[in-house]
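Biologist: Could you take me on a close look at one helix residue and what it touches, and then show me how that spot sits in the rest of the chain? I'd like it in plain bench talk.

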Amino acid sequence: MTPRTTLSPEITLEYLGIDPQDHADCLALLEGSPSPAVVKVLGHLSSRLGSADTSLPQLETTGLPVGELHWISAMLRFAPEVIAWHAERYIPEAVTRATLADVGRNMAINRRVHLRFGMDTYKWLNHLFAGRIYQLGRLQYLIHQPTAAIPGVASGEWIVGVHIPEGGGLAPAAVSESLALAAPFFAEHFPEHPVATANCESWLLDPYLAEHLEPSSNIATFAARFTPYGEPRTEPSDAIYFTFRTRNMDHLEALPRTTALQRVVLERIDAGGAWQLGHGYLSLR
């Protein structure tokens with residue numbers, strides 16, 4: 001792949017919001033020529049930029065071993081291409097920077113969870129490097145065509161999926177401000193894919209959660225914005241991971257129960273229950 005544009009490693013890491021503790025490891029991955037495995041990932045990223053294909057990659061099964069560090073190295077090298085692609089669509093630089101900062105955020109989370117450099121969410125970040133996800137204020141939006149039926153959404157219609165990046169809470173005013181930005185943003189920068197509906201798939205939409213939190217709490221207020229659809233799917237570790245940043249279900253008694261959310265999450269499991277991923281939609285009109 002011949003890049004259309006280049007940026008210095010330091011500027012690239014700045015755009016990606018890389019934490020200082022991860023700088024040295026990232027710079028080491030950018031040294032020298034890319035390995036064959038990194039070249040394979042670069043080819044994949046190039047083929048997906050601007051694509052409507054939201055399937056997650058399976059390059060690990062294609063013969064040449066491709067691992068986590070190959071993905072990170074390729075994403076660091078490919079970032080200038082994504083920045084240039086954003087500019088071609090006249091996406092404001094502030095939105096580009098806020099969006100790409102999810103790379104550094106996920107690296108920092110990885111270091112907290114696994115106590116090492118890395119990024120085990122690299123498959124999710126394929127959406128970012130394909131130009132499909134954008135942070136607008138407090139929330140992120142993934143433009144896509146849903147694979148499951150959503151009331152009021154026609155087959156082939158484009159919608160945006162709502163995602164909640166770590167940090168900042170869910171204050172109603174911040175959520176409302178972000179939601180108000182979504183439809184105008186995609187109408188301006190993706191006029192070929194008009195959107196009128198947002199959906200959310202999250203353990204925060206598990207009905208149990210809203211029933212056991214104060215109705216005026218930020219999480220309950222957020223969930224109440226969405227009209228449920230479909231059947232919730234059991235995902236036992238999601239609530240544990242996003243509340244405590246661990247998927248280890250073996251020593252739950254050692255986790256803190258300081259906040260109302262922490263208590264609700266753990267007490268449901270103590271009682272023999274399992275957390276579910278709920279589905280909801282709302283109109284952006």
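Modeller: Let's start with Ser178 and its contacts. Leaving aside residues up to four places away in sequence, Ser178 touches Leu136, Gly137, Arg138, Leu139 and Tyr141. Keep in mind that this is a predicted model. Ser178 itself is part of helix α7, which covers residues 172-189. Its relative accessible area is just 1%, and because the cut-off for buried is under 20%, Ser178 counts as buried.

Arg48 makes a good second stop. This arginine is in helix α3, a helix that covers 36-48. With the same sequence neighbours left out (up to four places away), Arg48 touches Asp53, Ser55, Ala130 and Arg132. You might expect a charged side chain to be out in the open, but at 14% relative accessibility Arg48 falls under the 20% cut-off and so counts as buried.

Now for the cysteines, since a bench person will probably ask. Cys26 has 0% relative accessibility, so it is buried. Cys200 comes in at 1% and is buried as well. As for disulfides, the count for this model is 0.

For contrast, here are some loop residues. Ser33 is in the loop between α2 (20-30) and α3 (36-48). Its relative accessible area is 69%, and because exposed means over 50%, Ser33 is exposed. If you want a feel for distances, take Ser33 and Arg257: they are 224 residues apart in sequence, and their C-alpha atoms are 49 Å apart in space.

Two other loop residues have backbone angles to look at. Tyr90 has a positive phi of about 60°, and it is not a glycine. You'll find Tyr90 in the loop between α4 (68-88) and α5 (93-114), and with 68% relative accessibility it is exposed. Leu115 also has a positive phi, near 60°, again in a residue other than glycine. Leu115 belongs to the loop between α5 and α6 (126-129), and its relative accessible area of 73% makes it exposed.

Let's zoom out to the whole chain. The protein chain has 11 helices and 7 strands. Of its 285 residues, 48% count as buried, and Ser178 is one of the buried residues. If you take the contacts with a separation of 6 or more, 73% of them are between residues 24 or more positions apart.

What about overall shape? Along the principal axes, the C-alpha atoms fill a box of roughly 55 × 45 × 35 Å. A compact globule with 285 residues would have a radius of gyration near 19 Å, and the protein chain has 20 Å, so the two agree.

Last, the surface and the charges. The protein chain exposes about 13,300 Å², with carbon and sulfur atoms supplying 56% of that area. There are 21 positive and 30 negative charges in the protein chain, and the mean positions of the two sets are 2 Å apart.

So, back to where we began: Ser178 is buried at 1% relative accessible area, and its contacts include Leu136 and Tyr141.

Terms used:
Residues numbered from 1 in each chain as written. Predicted model: local features only at pLDDT ≥ 70, side-chain atom pairs only at ≥ 80, totals over all residues. Heavy atoms only, no water. Helix = DSSP H or I, 4+ residues; strand = E, 2+ residues; numbered from the N terminus. Buried < 20%, exposed > 50% of the residue type's maximum accessible area, 1.4 Å probe, protein only. Disulfide = S-S within 2.5 Å. Rg over C-alpha atoms; globule rule 2.2 N^0.38 Å. Contact = heavy atoms within 4.5 Å. Areas by Shrake-Rupley, 256 points an atom, 1.4 Å probe, with all protein chains shown as cover. Lys, Arg positive; Asp, Glu negative; His and termini not counted. Charge placed at Lys NZ, Arg CZ, Asp CG, Glu CD.
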